[in-house]
Amino acid sequence: LKALACVRACSRFLRACSLIAKMTTLEARVAALEEARADYNESLDTIWMLLASMLVFFMHAGFSLLESGTVRFKNTQNILAKNLLVVTVGFLCWYVIGYPLAFGATEKTLNKFAGGTGFFMQGLWENKDALRFWFFQGAFCATGATIVSGAMAERTQLKGFGTFTILLTSVIYPVVVYWGWSGSGALNFTDDEGESKSLVGPAFMDFAGSGIVHLVGGIGALCGAIIVGPRKGRFDPETEAEFDGHSVPFCVLGTFFLWFGWYGFNPGSTGAMHDRDTANLAGLVAVNTTLSPCVSGLLVFLLRARLLGPKLLDVGGFCNGVLAGLVAITAGCASVEPWESIIIGIVGGLLYQGSSMLLRRLKIDDVVDAFPVHGVCGLWGIVALGFFGNPDEGIGGNGAFYGGDQLGTQLFAGFLIILWTGGLSVLIFLPLRLLGMLRMGDEFQDKGADVMEHSPSKAYNDALKSIASAGN
């Protein structure tokens, strides 16, 4: 009997050991699966963010085509040089000081003005997950300065514009980003109870940058266009027709390139892509990013064809109408329903057309209509979120039409961005103009910057002369 009891005890002991071994193996497998899942999610997010970043980067090709098509033949290389300058200088400034000011918030910081850590990417090597975020946001940063280049085209010196680009990408834009997107700034921070707030109420809403990116660029463009002055003869009735852009095809292709890149700009602002909710949100963003520019572009095209002189089909106006709708929906693309995005696009088109006409009446020479497109429609984009967005739909809306209290914050944010960007832009541009570093002389404008300071002296080879030379 003792032997039998001993055998049974040993058997129970062995079963227990086997069970423990199986549980240990199961726990190890679960841990391995969780680790694999985390790696998989990280890979998905990285692929998504890199794709979106490359689309945003590709927008600079669109800006280059659009702006070169809008200027006259004799200034083509000059505007392209400025587009290259914006990207190269902008990313370097983002590396040195832009990113630290924008996202370098310290833990539990009371500073709601600007960040102060991560200079020269310090700390990102230990947190490599942030590298994709650095690249994505850096592409955004360069976009703001590109907006300014088009408004001031054909009469702005490269050294003056380069100086402004450095300061915009190093200080002006990054500080605004900190206010709205860092999670610690004046327009969006977490209070002691864990709720997102701003200095004046609910947290500022700007999903992909109608205010933070486009309004900043648009206000800088307006200040620059006013201070540098109009191109020589621009508003002279005898020479006004000479200032038409030299390539409508470039303008149209540039618009399509920009629209294509906007699908990285807006959907990419989800910041991740490893679960169904985020995937559905990106889908909503893409739909809204499509509908708004469609109605805005058509509206401007029809207004100029049927109601506004000379009542002809204006392809360039069609292009800017599309861009106006894209800018207007950028803030609210993740928080409104598709039918609301159509209304936002319609109002954006009307505001673009009205402000474009106003600039002409005031004789402000904005070559590409940068301020009407990016400034006015950027402001409308953030204000629209004060009216639209149903909280009951579960997509973060807080519009006044549904009993929300978002409007005050959106108006305050717009005022703050305009005051900051406009004030500093004037403080930069005005001394440059007084020092003779901003405006090109009359000879440069008459002959064209390409002839005066570029090599080769023209952007395009003369095909007829080449053929004649080959025949000889």
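This is a short chat about side-chain contacts and the cavity in a predicted model.

Me: What kind of model is this, and how are residues numbered?
Reply: The model is predicted: local features need pLDDT of at least 70, side-chain atom pairs count only at pLDDT 80 or more, and totals for chains, interfaces and linings use all residues. Residues are numbered from 1 along each chain as its sequence is written, and side-chain values use heavy atoms, with hydrogens and water left out.

Me: How many aromatic pairs are there?
Reply: The whole structure gives 25. Rings of Phe, Tyr and Trp (its six-membered ring) pair if their centres lie within 6.5 Å; planes under 30 degrees apart count as stacked, over 60 as edge-to-face and the rest as tilted.

Me: And what is the geometry of F91 and W134?
Reply: Their ring centres are 6.1 Å apart and the planes are at 40°, so the pair is tilted. F91 is in helix α2 (residues 76-103) and W134 in helix α3 (residues 130-151), 43 residues apart. Helices here are DSSP runs (H or I, at least four residues), numbered from the N terminus.

Me: Are those two buried or exposed?
Reply: F91 and W134 are both buried. Buried means under 20% relative accessible area, exposed over 50%, partly exposed in between (1.4 Å probe, protein chains only).

Me: Which residues do ring pairs link into a cluster?
Reply: W94, Y99, F103, F133 and Y173.

Me: Which ring does the charged end of K112 sit over?
Reply: The ring of F189, 4.5 Å from its centre. K128 lies over the face of W125, at 4.3 Å from the ring centre. The rule: NZ of Lys or CZ of Arg within 6 Å of the ring centre and within 35 degrees of the ring normal.

Me: New topic. How many salt bridges?
Reply: The structure has 10. Each is a side-chain nitrogen of Lys or Arg within 4 Å of a carboxyl oxygen of Asp or Glu.

Me: What does R231 pair with?
Reply: R231 meets D365 at 2.8 Å, N to O. D365 is in the loop between α9 (338-361) and α10 (370-384), and R231 in the loop between α5 (210-228) and α6 (248-265), 134 residues apart. D365 and R231 are both buried.

Me: How far apart are D365 and R234?
Reply: They form a salt bridge, with the closest N and O atoms 3.6 Å apart. R234 lies in the loop between α5 and α6 and D365 in the one between α9 and α10, so the pair ties together parts 131 residues apart in sequence. R234 is buried, as is D365.

Me: Which residues make up the network of salt bridges?
Reply: R72, E154, R231, R234, E240 and D365.

Me: Where are K232 and D446?
Reply: K232 is in the loop between α5 and α6, D446 in helix α12 (residues 442-447), 214 residues apart. Their salt bridge is 2.9 Å, N to O. K232 is partly exposed at 39% relative accessible area. D446 is partly exposed too, at 44%.

Me: How many cavities of 30 Å³ or more?
Reply: One. A cavity is a set of points, on a 1 Å grid over the protein atoms alone, where a 1.4 Å probe fits but cannot get out; lining residues have an atom within 4 Å of a point. The largest cavity holds about 90 Å³, a volume being the space filled by probe spheres set on the points, which are joined across faces, edges and corners.

Me: What lines the largest cavity?
Reply: There are 13 lining residues, with F63, L66, L323, V368 and H374 nearest the centre. α1 (2-70), α3, α8 (315-329) and α10 each supply at least two.

How values were computed
On a 1 Å grid over the protein atoms alone, a cavity is a set of points where a 1.4 Å probe fits but cannot get out, and a pocket is an open set with protein on both sides within 12 Å along at least five of seven lines; lining residues have an atom within 4 Å of a point.
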